[in-house]
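Biologist: I should like to learn how to read helix packing and nonpolar cores. Please begin with the helices.

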Amino acid sequence: MAITSANQLELLQTAEAVAREKMIDPELVVEAMEESLARAAKSRYGAELDIRVSIDRKTGKATFTRVRTVVEDDMIENDRAELNVEDAKDYLDDPAVGDTIVDEVPPVEMGRIAAQSAKQVILQKVREAERDRQYEEFKDKAGTIINGQVKREEYGNVIVDIGRGEAILRRNEKIGRESYRPNDRIRVYIKDVRREVRGPQIFLSRTDPQFMAELFKMEVPEIYDGIIEIKAVARDPGSRAKIAVISNDNSIDPVGACVGMRGSRVQAVVNELQGEKIDIIPWNEDQPTFLVNALQPAEVSKVVLDEEAERIEVVVPEEQLSLAIGRRGQNVRLASQLTGLDIDIMTEEEESARRQAEFEVRTKLFMDTLDLDEFFAQLLVSEGFTSLEEVAYVEVDELLVIDGVDSDTASELQARARDYLEAAAKKALEAARELGAEDSLIDFDGLTPQMVEALANDDVKTLEDFATCADWELAGGWTTVNGERSKDDGVLEPFDVSLEEAQNMVMTARIQLGWVDPADLVSEEEETKEASEDTTEAEA
């Protein structure tokens, strides 16, 4: 193909046609043509030459030029595309490093191979431009619902035509055993849009909890308008789901608005989700109250919340146990996902048995350590005393309220408790020293001898060892792996040391050792406070 006046305009016409078909900028197609012609020219004149092509955007005329760059003597790598200042004086009056010498060269005649190569360059550029356009179009649509048409199914994955591109609905993102045939209409949630080497990948889902939330937003105008807010969603796709809602307008019932007249609104969502049963639950800031709502339709007798461990114990009547747990644990699992808490469900009988066991353990503790008979020890436990420290250091008046306890008896009880604690502390201190605990750790404020002994048993024997500990290693914590929460036991956990207390002690140790400058901590706290205030103002 020769670049002649007869086909110059055809270049621009071709560029416009391709751009219109692929919905990309015609300029990108023209640039691809320039690059392909430059490649063809290099194959004719020599690959080491710097040949450039410029196509006039009005006439379509292609101008071929050879470019040489002026560089320093010791920087010349390609003598056919570069030259030094001295040689450049033959072409320029006052050459300087960085100047270019541009000479026009005759147009090339493209053979079959060169034309094929040019075609490949143009196609590649067009594909890249198409991918960029597709990514820019869909990147902001992640988290929304889109209607598409099924093109084909590959190994259980569904390829969906979403207008200006294709997307994939993976097998594990389909509800139950859904199957689709080509040309079926499908409503899907855009879960993720990624820019990858082979082009933008658009991942769809019908099982994502937010798919259901978006469906409700489409069916319930109050949610779309922001009057009702969806706070949490939990799904067992194709089977059952729970959605927590709250109204910002006291005159509107959030549950009723989501259900609709005769259940019309929720039924529309249920139909789209292949008959998935949906529990609509009023959200509450109080976690125990919210959990009671989340466990519907089961009735709850009692809730005990452990905020630090993010666990909650729920007590239900015996006849409500199976309802609370649900088929294959479905109800309690969804309630756990909805609230973000680990839920332990027990019957009233099981809770009573556990409380009785705790009562007996504490009773035996007081009998053995304070030399009390069973009846007197039970009185102490019944009044809420759970440890020797409470008996030893509580105000005497709190002991006097116990039937049969006068001032002399109270003083004797406290003396026995203190004696026992002092003896235990002395024994623990001796054991800690035998294990190699150093005075720097023993004298550290906040650690009891029993704590020091426990640390020494865990090979923490100096203040330096203690300062390198993580807070969760001391206080314990929870780790979530693959959705399963597991308990990490802390060295000082038996002594009821909280995570915050552990953080403070470790930081104090680091300051004492000179590892941390207190001034830095103050500045960090101020920055955190300022950032928090800025966020609050922005939200307001």
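Modeller: An axis is a line fitted to C-alpha atoms, for helices over the stretch in contact, and angles run from 0 to 180 degrees between N-to-C directions. Helices are DSSP runs (H or I, at least four residues), numbered from the N terminus. This is a predicted model, in which local features need pLDDT of at least 70, side-chain atom pairs count only at pLDDT 80 or more, and totals for chains, interfaces and linings use all residues. Residues are numbered from 1 along each chain as its sequence is written, and side-chain values use heavy atoms, with hydrogens and water left out.

Biologist: At what angle do the axes of H12 and H13 cross?

Modeller: The axes of H12 (residues 348–370) and H13 (residues 374–382) cross at roughly 125° and come within 8 Å. H12 is therefore oblique to H13; angles under 35 degrees count as roughly parallel, over 145 as roughly antiparallel, 65 to 115 as roughly perpendicular and the rest as oblique.

Biologist: Which residues in H12 meet H13?

Modeller: Contact means heavy atoms within 4.5 Å. Phe359, Arg362, Thr363, Phe366, Met367 and Leu370 in H12 meet residues of H13 including Ala377, Leu380 and Val381.

Biologist: Which residues touch the most other members of the largest nonpolar core?

Modeller: Such a core joins buried (under 20% relative accessible area, 1.4 Å probe, protein chains only) Ala, Val, Leu, Ile, Met, Phe, Trp, Tyr and Cys residues through side-chain atoms within 4.5 Å. Here, Leu447, Leu455, Phe466, Leu474 and Leu492 do so among 25 residues. H18 gives the most to this core, with 5 residues.

Terms used
Helix = DSSP H or I, 4+ residues; strand = E, 2+ residues; numbered from the N terminus. Buried < 20%, exposed > 50% of the residue type's maximum accessible area, 1.4 Å probe, protein only.
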